[in-house]
Amino acid sequence: MTLSFVVARAQSVEGEVFVGAEASLEKNDSSSTSRGSFALGGGLSWAIASTASVDLNVHTFPMFCFGTNKEGSFDITQFHLPMGLLLRFGEYDGDPRGMTIGGGVGAGYAFSAGMLATKNTDLRPYIEVEVMLRLFKRGLFKLRYNTIIGPYTDALGSSISYHTLCIIGSTSW
């Protein structure tokens, strides 16, 4: 038995620029502290297998997070570098002018650095969910939620988690 993908369109690379909000949660036995920051970044998706309405992509979207640091001044508080696979669906079918709706789910590993990643290398799995709206023939607007999951404990013994919600503009070539 042979399994094969039928490529119904050309392979592509898609670039993106995004802004959003990142929330960091620091929990220990006696308290929990949440911190909000402004997320800014870009990303690339490389289609490695496609059909008319489903893509499998290698995906990365590094982000810098700006907010108030532990000393109370404005600073780059976190840096995240996720790399993984993204399965997207539905965005290529529909209106000949390019107006469609779609979505995607992804997973991989993310490296995090910054004021909360103080003990060891913070390399953990992440998951993401996207909703996409194609308004132009070669461009998309997206809403992406991603979270870095799994255990990480900082130097003081606190458990750290990250959540991000971003608005994205992207184009493919």
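How much area does the chain expose, and what share of it do carbon and sulfur atoms supply? In this predicted model, the chain exposes about 9,100 Å², and carbon and sulfur atoms supply 68% of that area.

**View 1. The whole chain, built from strands.** Start with the overall layout: there are nine strands and zero helices. Reading from the N terminus, the elements simply go β-β-β-β-β-β-β-β-β. The chain has 173 residues, and 42% of them count as buried. If you take the contacts with a separation of 6 or more, 60% of them come from residues 24 or more positions apart.

**View 2. The largest nonpolar core.** Here we pull up the largest nonpolar core, a set of 16 residues. F18, M63 and Y162 are the ones with the most contacts inside it. Two elements give two or more residues each, namely β4 (63-68) and β9 (159-172). Strand β9 supplies the largest share, four residues. As a bit of background, nonpolar side chains in soluble globular proteins tend to be buried together.

**View 3. Strand β4 and its partners.** Now follow β4 sideways. Strand β2 (residues 32-50) runs antiparallel to β4, and four bridges join the two. On the β5 side (residues 74-89), six bridges join that strand to β4, and this pair runs antiparallel too. F66 is a handy landmark in β4: F38 stands opposite F66, and the bridge partner of F66 in β5 is I76. Between β4 and β5 there's a hairpin with five residues separating the strands. Look in the turn for G72, which has a positive phi of about 95 degrees.

**View 4. S112 and its neighbours.** S112 sits in strand β6 (residues 100-114). Is S112 buried or exposed? With a relative accessible area of 2%, S112 is buried, because anything under 20% counts as buried. Its side chain makes a polar contact of 2.7 Å with the side chain of H80. Leaving aside residues up to four places away in sequence, S112 touches F79, H80, A117, D122, I148 and Y162. Y162 also turns up among the residues with the most contacts inside the largest nonpolar core.

**View 5. K142 with two acidic partners.** Which residues form salt bridges with K142? One is E14, with the closest N and O atoms 2.7 Å apart. That pair links distant parts of the chain, since K142 is in strand β8 (residues 139-148) and E14 is in strand β1 (residues 13-27), 128 residues apart. The other partner to look at is E16, whose side chain meets that of K142 in a salt bridge at 3.2 Å, N to O. E16 is also in strand β1, 126 residues from K142. These side chains are tucked away: K142 counts as buried at 4% relative accessibility, E14 is buried at 4%, and E16 is buried at 6%.

**View 6. R144, E130 and the wider salt-bridge network.** R144 forms a salt bridge with E130, and the closest N and O atoms are 2.6 Å apart. R144 belongs to strand β8 and E130 to strand β7 (residues 122-136), with their positions 14 residues apart in the count. Both R144 and E130 are buried. Zoom out a little and you'll find E14, E16, D55, R88, E128, E130, K142 and R144 joined into one network by salt bridges that share partners. Over the whole structure, a search finds nine salt bridges.

Notes
Residues are numbered from 1 along each chain as its sequence is written. This is a predicted model: local features need pLDDT of at least 70, side-chain atom pairs count only at pLDDT 80 or more; totals for chains, interfaces and linings use all residues. Side-chain values use heavy atoms; hydrogens and water are left out. A nonpolar core is a set of buried Ala, Val, Leu, Ile, Met, Phe, Trp, Tyr and Cys residues joined through side-chain atoms within 4.5 Å. Buried means under 20% relative accessible area, exposed over 50%, partly exposed in between (1.4 Å probe, protein chains only). Two strands pair if DSSP finds at least two bridges between them. A polar contact is a pair of N or O atoms within 3.5 Å; within protein, one must be able to donate a hydrogen and the other to accept it, and residues adjacent in sequence count only if both atoms are side-chain atoms. Contact means heavy atoms within 4.5 Å. Accessible areas come from the Shrake-Rupley method with a 1.4 Å probe; for residues, only the protein chains shown count as cover. A salt bridge is a side-chain nitrogen of Lys or Arg within 4 Å of a carboxyl oxygen of Asp or Glu.
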